[in-house]
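Student: I am new to this structure and would like to look closely at a single part of it before I try to take in the rest. Could you walk me through that part slowly and then place it in its surroundings?

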Amino acid sequence: MEFTPVLHSEWLKIRTLRSLVGGLAAVLLATAAFSALAGADTEGAAFDPLFSVFFGVGFGQIAAIAFGTTAVSSEFRGGALRVTLAAVPRRGRWFVAKTVAIAVPVLGVGLVTGGVSLAVGKAVLGTRADGLTWGEELRGVVGCAVYLTLMALLAAGLTAVLRSGVATLSILIPFLLIVSFVIGDMSGSVADVLPDRAGQVVFHETWDGALGPWTGLGVTGLWAAAALLAGAWSIRRRDA
Amino acid sequence: MTSIDVQNLTKEYGSRRAVDDLTFSVRPGRVTGFLGPNGAGKSTTMRLVLGLDRPTSGSATIGARPYAALHEPLRHVGALLDAQAAHGSRTGRDHLRTLAASNRIPQRRVDEVLAETGLASVARRRVKTYSLGMRQRLGIAAALLGEPEVVMLDEPSNGLDPEGIIWIRALLRRLAGEGRTVLVSSHLMNETASFADHLVVLGRGRLLADTPMREFIDARVQPRVRIRTTDPTSLKNTLARHGHDAVEHEDGHWIVDHARVDDIGRLASAAGVPLLELAAEEGTLEQAYLDLTGAETEFTAQHQEA
């Protein structure tokens, strides 16, 4: 089987589900909205204009995770995977196509989200954002796209392993909302290499952990890759 | 010509044997009915043929190739396994478009199968608004998409209205008439009897029979003759003289077991017995099936090449 038709089919599946298209829109809206809100509150000594501008990514990522999860979990209901794998019996190839069909739209929407978040955030901050360099802004926009993509892929891989969207979301969302906040201030520990903490270094002007902006995204990438490999293994090994 | 060949196929889930050393072939040009009670292993066998489940041992091939080795498999094999498989939030047409795209099947086929299955008017409605019968038709549409030479349908008449059942009967006959290989599972005997030429019968994962339907019935159910007469005494005496035993039933007709209508008609005519009605009562698939499963404890799997 050739790859392109399989990818085309997977892309059609995403385009033809309103919940998925809505999920992508939610990434943009949630990120921009919360970035704007963050700009309104800049009290405190540790004010970081870059983090303020991209503050909404912490919320937008929930939508990205929901997107990655739903795109895969829709295959695990009502025997849908059987129809899919009967059409594309090369399971490894199918899963790669699914991954690409998830990654590319999130990456695209992520770039737009980064740009909008930056524009909105800077507008709200006004002169307080003057310290941002052009390089930092570009780093933030690209980092936003890459980070959201990796989180969506992490969720996609995990869903393929767990074979359930509910299970994936009930692990990832509490993890992001609670664990990271609870251990959020403990720097220099294991917390630094958690997928969200590591990846979000890219949104800071300065950092004091071992991971920099790009190495941090690399660590998030490793998490996503591990989840995808486990997902691929599960899809290939188990009865559909 | 493409047949489905199942060789010593076994599938265990934990300690339970869902399919137990099955060997049979499904040949082109006829409708093969796949019979057995719920849980006999029919659906599991179909999943194994499609490479969806991995066999514990043995093999299943389509045209001598494993399913996974087929290039663009929907162009060779069309299957309906579960009518609930289409995502409720997608339209029926979009569901078919995603399948067609993966196997490079032209988009016009999508509209053709929608028209063929009577779904053209609801094609742009979301699947969750469909009735069970409409979902079943959508699953059949998906199976026909690639004009496959092998068609496998698991319980296709589930949820269909009487009109739908007549439609699917004609469809199956037509597909077989076009030389395609058609395997249709069911646990409904009368329904299967209306379209099948050949039968593969499973019980607890094992092969109970693989034989032409007519032979299957004739071998198990003795023919009977039904008679009404104005002169019961004369009828009874005539038949008794030739070793037949006529039994009277409540509404006045007589049944002669183990007899053929040709013989009884001649006897009655020669003896001048006035007849009001003379009819053959053919055995039904249901009777034959119950006879087979009733004897399952002492069965020996019969495997006949036809």
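Student: Which residue is the bridge partner of V225(B) in β13(B)?

Tutor: The bridge partner of V225(B) in β13(B) is A280(B), and since this is a predicted model, everything that follows describes a prediction. V225(B) belongs to strand β10 of chain B, which covers residues 224–229, and β13 of chain B, the strand on the other side of that bridge, covers residues 275–281. The two strands run antiparallel and are joined by six bridges. In general, strands of a sheet pair through backbone hydrogen bonds, either parallel or antiparallel.

Strand β10(B) also pairs with β12 of chain B, residues 254–257, again in the antiparallel sense, and here over four bridges. One position in this pairing can be named: R224(B) has D257(B) as its bridge partner in β12(B).

The side chains of β10(B) deserve a careful look, for they alternate along the strand. V225(B), I227(B) and T229(B) point to one face and are buried, whereas R224(B), R226(B) and R228(B) point to the other face and are not buried. Such an alternation between the two faces of the sheet is what a regular strand shows in general. The residue you asked about, V225(B), is thus on the buried face, while R224(B), the residue paired with D257(B), points to the other one.

To see where this strand belongs, consider how chain B is divided: domain 1 takes in 4–212 and domain 2 takes in 222–281. The centres of these two domains, taken over C-alpha atoms, are separated by 45 Å. Chain B as a whole holds ten helices and 14 strands, and its C-alpha atoms fill a box of roughly 75 × 45 × 35 Å along the principal axes. Of its 306 residues, 43% count as buried. Among its contacts with a separation of 6 or more, 72% are made by residues 24 or more positions apart.

Another sheet of chain B makes a useful companion to the pairings above. In it, three strands form an open sheet in the order β2-β1-β4, with antiparallel pairing. Strands β2 (16–26) and β4 (57–62) of chain B stand at the edges, and because each has a single partner strand, one side of each is left without a neighbour in the sheet. Neighbouring strands of this sheet are turned by 20° against each other on average, direction ignored. Strand β1 of chain B, residues 4–13, is joined to β2(B) by seven bridges, and Y13(B) stands opposite R16(B) in β2(B). Helix α1 of chain B, residues 42–49, packs on this sheet and touches β1, β2 and β4 of chain B, its direction making about 115° with that of β1(B).

Chain B also meets a partner, chain A, which has ten helices and zero strands. The C-alpha trace of chain A spans about 60 × 35 × 25 Å along its principal axes, and buried residues make up 53% of its 240 residues. A compact globule with 240 residues would have a radius of gyration near 18 Å, and chain A, with 18 Å, agrees with this.

Where the chains meet, 24 residues of chain A are in contact with 28 residues of chain B. Helices α1 (3–15), α2 (18–39) and α5 (80–87) of chain A each supply at least two residues of the side that touches chain B, and by class that side has 13 nonpolar, seven polar and four charged residues.

Of these helices, α5(A) can be followed further, since it is mostly covered, with eight of its eight residues buried. Among the buried residues are L81(A), R82(A), V83(A) and L85(A). What covers them includes α6 of chain A together with β5 (77–80), α2 (92–102) and α4 (132–144) of chain B. Helix α6 of chain A, residues 91–125, is also where A119(A) is found. A119(A) is partly exposed, because 15 other C-beta atoms lie within 10 Å, and its C-alpha atom is separated by 9.0 Å from that of A32(A), although the two are 87 residues apart along the chain.

Technical notes. Residues numbered from 1 in each chain as written. Chains lettered and ligands numbered in written order. Predicted model: local features only at pLDDT ≥ 70, side-chain atom pairs only at ≥ 80, totals over all residues. Pairing = 2+ DSSP bridges. Axes fitted to C-alpha atoms, helices over the stretch in contact; angles between N-to-C directions. Contact = placed C-beta atoms within 7 Å. Domains from an automatic or database assignment. Rg over C-alpha atoms; globule rule 2.2 N^0.38 Å. Buried ≥ 20, exposed ≤ 12 C-beta atoms within 10 Å, placed from the backbone. Nonpolar A, V, L, I, M, F, W, Y, C, P; charged D, E, K, R; others polar.
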